[in-house]
Amino acid sequence: MSNSLARQQGVRRKLTAMDDKFMGKNVLLVDDSIVRGTTSREIVSMARESGAKKVYFASCAPPITHAHIYGIDLASPSELIAHDQGHDRALESIAQHIGADKVIFQDLQDLKDACSEATVSDRKMPAIRDFEVGVFCGKYVTPVDPGYFEHLERVRGETRKMKVLEKAREAVATGCANPEDYRIATNGVEVTGDGKVVPASPIQRSNQNPTLNGNGVENSSKSSGEDALPRGRMDISLHNLADYP
């Protein structure tokens, strides 16, 4: 099961839309933020299924456009719904992506001003005027070395490898695997240069050094059907328990 599908099912388990609150109404849904858009899209879908005429979606945070680099594995930049988009285009495309009639985001300066006001607790102490807001604008409070984000993506990919492999094997074992799950369960996974976890390519015999016999002639004991061997093979057998006493 993909992470996206798991999040969708998680929303359905946590939230229930009551028809009498949505039927024939224009509704405004408010959430703390929109990261990938998967959760937001599922919430909007539930509102429409319950009869809402129009659905507006408000985010209490500004558009999240950049990665978090201070310890929170927020998401890969390529997964962020607002990444690498102009503001006006982002609003329209994000609304379309999550199925809403309109999307409203918090303004970054307004957010900073509100947080600054909330920190004033002692008149002897100056109010905090600035905050770490790199995820909203790409300007971090500490310098970022060139190539760091590419390195971060590769590290994130390496961290996800085992999780992706385990999910694929579970899908195969439970009978709900797709072709990609079978490839992953058979050959394993690898991380691309941009940090994506993809099915590993089978090891091709033609890429291996040939083995020679005592006369210097290449051994050809393997049949042509074995030219491409999977990196790791797993036998999956189904048995009828009634066959065993």
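Leaving aside its neighbours within four places in sequence, which residues is Glu 153 in contact with? In this predicted model, the answer is a set of four: Ser 76, Pro 77, Asp 194 and Gly 195. Glu 153 sits in helix 7, the run covering residues 148-174. Its relative accessibility comes out at 10%, and because buried means under 20%, Glu 153 goes into the buried class.

Right beside it in the numbering is Leu 152, also placed in helix 7. Leu 152 has a relative accessible area of 16%, so this residue counts as buried too. Once residues up to four places away in sequence are set aside, Leu 152 touches Ala 67, His 68 and Ile 69. Ser 76, already met as a contact of Glu 153, also turns up in a distance for Leu 152: the two C-alpha atoms are 8.8 Å apart in space, while the residues are 76 apart in sequence.

Helix 7 leads on to the aromatic residues. A search of the whole structure turns up three aromatic pairs. In one of them, the ring centres of Tyr 140 and Phe 149 are 6.0 Å apart and the planes make 40°, so this pair is tilted. Tyr 148 and Phe 149 also have ring centres 6.0 Å apart, but here the planes stand at 70°, so the pair is edge-to-face. Phe 149 thus takes part in a tilted pair and in an edge-to-face pair. Along with Tyr 70, the residues Tyr 140, Tyr 148 and Phe 149 make up one aromatic cluster. How exposed are these rings' residues? Tyr 140 is buried, at 14% relative accessible area. Phe 149, on the other hand, is partly exposed at 30%, and Tyr 148 is partly exposed at 29%.

Now for the sheet. Three strands form an open sheet with the order 1-2-3, and the pairing is parallel. Strand 1 (26-31) and strand 3 (102-105) are the edge strands, each of them pairing on one side only. On average, neighbouring strands here are turned by 20° against each other, direction ignored. As a general point, strands of a sheet pair through backbone hydrogen bonds, either parallel or antiparallel. Six bridges hold strand 1 and strand 2 together in the parallel sense, and across this pairing Val 27 stands opposite Val 55 of strand 2. On the other side, strand 2 (residues 54-59) is joined to strand 3 by four bridges, again running parallel. There, Phe 57 has Val 103 of strand 3 as its bridge partner.

Helix 3, which spans residues 38-49, packs on this sheet and touches both strand 1 and strand 2. The direction of helix 3 makes about 150° with that of strand 2. Taken in order, strand 1, helix 3 and strand 2 build a β-α-β unit, and its hand is right-handed.

That leaves the cysteines. The disulfide count comes to zero. Two cysteines can be described by their accessibility: Cys 115 is partly exposed, with a relative accessibility of 31%, whereas Cys 176 has a relative accessible area of 55% and is exposed.

Note on methods
Residues are numbered from 1 along each chain as its sequence is written. This is a predicted model: local features need pLDDT of at least 70, side-chain atom pairs count only at pLDDT 80 or more; totals for chains, interfaces and linings use all residues. Side-chain values use heavy atoms; hydrogens and water are left out. Two strands pair if DSSP finds at least two bridges between them. Helices (H or I, at least four residues) and strands (E, at least two) are DSSP runs, numbered from the N terminus. Axes are lines fitted to C-alpha atoms, for helices over the stretch in contact, and angles run from 0 to 180 degrees between N-to-C directions. Contact means heavy atoms within 4.5 Å. Buried means under 20% relative accessible area, exposed over 50%, partly exposed in between (1.4 Å probe, protein chains only). A disulfide is a pair of cysteine sulfur atoms within 2.5 Å. A crossover is right-handed if, with the strands pointing away from the viewer, the path from the first strand over the helix to the second runs clockwise. Rings of Phe, Tyr and Trp (its six-membered ring) pair if their centres lie within 6.5 Å; planes under 30 degrees apart count as stacked, over 60 as edge-to-face and the rest as tilted.
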